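Visitor: I should like to learn how a helix and a sheet are read together in a model.
Guide: Let us look at the model first.
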Amino acid sequence: VRESDRVLIQGVALDVTEEKLNQVFSQYGPLVSVQKMDTPGASYSSCIVHFQIQAQAKWLLENVNNNIPLGLETPVGITYAGSADGLGQGYGKATPVASGAAAAAPYE
């Protein structure tokens, strides 16, 4: 798993705002940004937290993963954003088609 200064937080309650997430995770170190991501029909939200210092992202992952962060009410799952599970790696598992190349069926 490649370490990063960005972590993916999963299991965030739907009613938690981006402002609240910023308050919660800034307790663990200075942040560059927090981006909340809601998926229609999902029972929870996710967010990307970008720390100024990679060591703080690592500490959060090692110490808060599957626990309840101070200021939230439910446990969250934490992974590095762009880690081996494929998140943040571009287009997923499919091989991108070069511009102008013929597309595979059923698009032919």
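What follows takes one helix and then the sheet.

Guide: The model is predicted, so local features need pLDDT of at least 70 and side-chain atom pairs count only at pLDDT 80 or more, while totals for chains, interfaces and linings use all residues. Residues are numbered from 1 along each chain as its sequence is written, and side-chain values use heavy atoms, with hydrogens and water left out.

Visitor: Which residues of helix α1 are buried?
Guide: An α-helix has 3.6 residues a turn, so residues three or four places apart point the same way. In α1, residues 18-26 (helices are DSSP runs of H or I, at least four residues; strands are runs of E, at least two, both numbered from the N terminus), Leu21, Val24 and Phe25 are buried, meaning under 20% relative accessible area with a 1.4 Å probe, protein chains only. Because they cover an arc of only 85 degrees around the axis, they lie on the same side of α1; the arc is that of the directions from the helix axis to the C-beta atoms.

Visitor: What covers the buried residues of α1?
Guide: The cover includes β1 (6-12), β2 (31-37), β3 (45-51) and α2 (54-64).

Visitor: In what order do the strands form the sheet?
Guide: Strands pair if DSSP finds at least two bridges between them. Here 4 strands form an open, antiparallel sheet in the order β2-β3-β1-β4, with β2 and β4 (77-80) as the edge strands, each pairing on one side only. Between β1 and β4 there are 4 bridges, and isoleucine 9 has isoleucine 78 in β4 as its bridge partner.

Technical notes. Buried < 20%, exposed > 50% of the residue type's maximum accessible area, 1.4 Å probe, protein only. Contact = heavy atoms within 4.5 Å.
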